[in-house]
Amino acid sequence: ILDDKLTKISDRTNKKEEYTFFLFSDILIYGKKASGSTYKVHQVLHLSLARLIDYLKPKSIRGQIHSHVFKVDSPQKSFLISCADASQKARWVHAIVDAIEEVMRRRKVYLETQLESTVDATAGSEPESSSNLQVMSSWIATSEMDLFGKGDGKKLKSGCKLCIRPFSSIMRRKNVCSYCKDSVCSECRSRKNPLLKGG
């Protein structure tokens, strides 16, 4: 959807660093150019978990004033983004907000479709529990992308939905998110943001 060089500002240390940001329909990626047209990805943020905070006035952080900034707030990572001018900021703010709204719209449609199909499948039979919703094992559709294997037909290794790192029985244990029912690692599960009403 959009790509550009923007300055990332840590909201804790005020450290500034320039990255190339890439906005897709469901994720926001930033990284640095490695060689040629290759980029080293620094972070992948899922828009379904993110929200954008727009600062209409210059933002003061540790005594320093930053103009044309907005904040990306996510359980994965939260930081400020500084743009070169108001025009660049407006493009990115509108694009990210539109992408988040579309992701949430698709999520809502998917959940409603799953609920309808679940009710239809259990119609006429005695439910095993007090709610038909409990038979839904997964609320969010995930594509079978070979992120960790080599595509040789073997069983794919499972990985965290958020940081996309493979699970480990010792260092990175598997947890189930109580909100989306997807598998996440213990580190990502510890980073929590309050859910917005209606979100």
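How many cavities of 30 Å³ or more does the structure hold? One. The tour reaches that cavity at the end, after the sheet, the core and a pocket. Keep in mind throughout that the model is predicted.

**Whole chain.** Start with a cartoon of the full chain. Two helices and eleven strands should appear. Read from the N terminus, the elements follow the order β-β-β-β-β-β-β-β-β-α-β-β-α. If you colour by accessibility, 29% of the 199 residues count as buried.

**The sheet.** Next, pick out the strands of the open sheet. Its seven strands are ordered S4-S3-S2-S1-S9-S8-S5, and the pairing is antiparallel. The edges are formed by strand S4 (38-46) and S5, each of which pairs on one side only. On average, neighbouring strands in this sheet are turned by 40° against each other, direction ignored. Strands of a sheet pair through backbone hydrogen bonds, so displaying those bonds is a way to follow the order.

**Strand S9.** Select residues 79-82, which make up strand S9. In the sheet order S9 sits between S1 and S8.

- Add strand S1, residues 2-9: S1 and S9 pair in the antiparallel sense over three bridges. Thr7 has Ser82 of S9 as its bridge partner, and Lys8 stands opposite Ile81 in S9.
- Add strand S8, residues 69-73: S8 pairs with S9 over four bridges, also in the antiparallel sense. Here Phe70 is the bridge partner of Ile81 in S9. A hairpin of five residues connects S8 to S9.

Now show the side chains of S9. Which residues of S9 lie on each side, and are they buried or exposed? Phe79 and Ile81 are on one side, Leu80 and Ser82 are on the other, and all four are buried, so both faces of the strand are covered. In a regular strand, side chains alternate between the two faces of the sheet.

**The nonpolar core.** Keep Ile81 and Phe70 displayed and add Phe21, Leu23, Leu28 and Trp92. Within the largest nonpolar core, which has 21 residues, these six touch the most other members. Strand S2 (16-23), strand S3 (27-35), S8, S9 and H1 each contribute at least two residues to this core. The largest share is that of H1, with seven residues. In soluble globular proteins, nonpolar side chains tend to be buried together.

**The second largest pocket.** Return to S9 and select Phe79, then extend the selection to Lys8, Ser10, Asp11, Arg12, Thr13, Lys15, Glu17, Tyr19, His42, Lys77 and Ser78. These residues line the second largest pocket, whose volume is about 280 Å³. How many of its lining residues are nonpolar, polar and charged? Two are nonpolar, four are polar and six are charged.

**The cavity.** Last, hide the pocket and select Leu28, Leu45, Leu47, Ala50, Arg51, Leu52, Val72, Ile96 and Ile100, the lining of the largest cavity. Leu28 was already on screen as one of the core residues that touch the most other members. The space inside the cavity is about 40 Å³. Strand S5 (51-54) and helix H1 (86-122) each supply at least two residues of the lining. By class, eight lining residues are nonpolar, none is polar and one is charged. The charged residue is Arg51.

Notes: Residues are numbered from 1 along each chain as its sequence is written. This is a predicted model: local features need pLDDT of at least 70, side-chain atom pairs count only at pLDDT 80 or more; totals for chains, interfaces and linings use all residues. Side-chain values use heavy atoms; hydrogens and water are left out. On a 1 Å grid over the protein atoms alone, a cavity is a set of points where a 1.4 Å probe fits but cannot get out, and a pocket is an open set with protein on both sides within 12 Å along at least five of seven lines; lining residues have an atom within 4 Å of a point. Grid points are joined across faces, edges and corners, and a volume is the space filled by probe spheres set on the points. Buried means under 20% relative accessible area, exposed over 50%, partly exposed in between (1.4 Å probe, protein chains only). Two strands pair if DSSP finds at least two bridges between them. Axes are lines fitted to C-alpha atoms, for helices over the stretch in contact, and angles run from 0 to 180 degrees between N-to-C directions. A nonpolar core is a set of buried Ala, Val, Leu, Ile, Met, Phe, Trp, Tyr and Cys residues joined through side-chain atoms within 4.5 Å.
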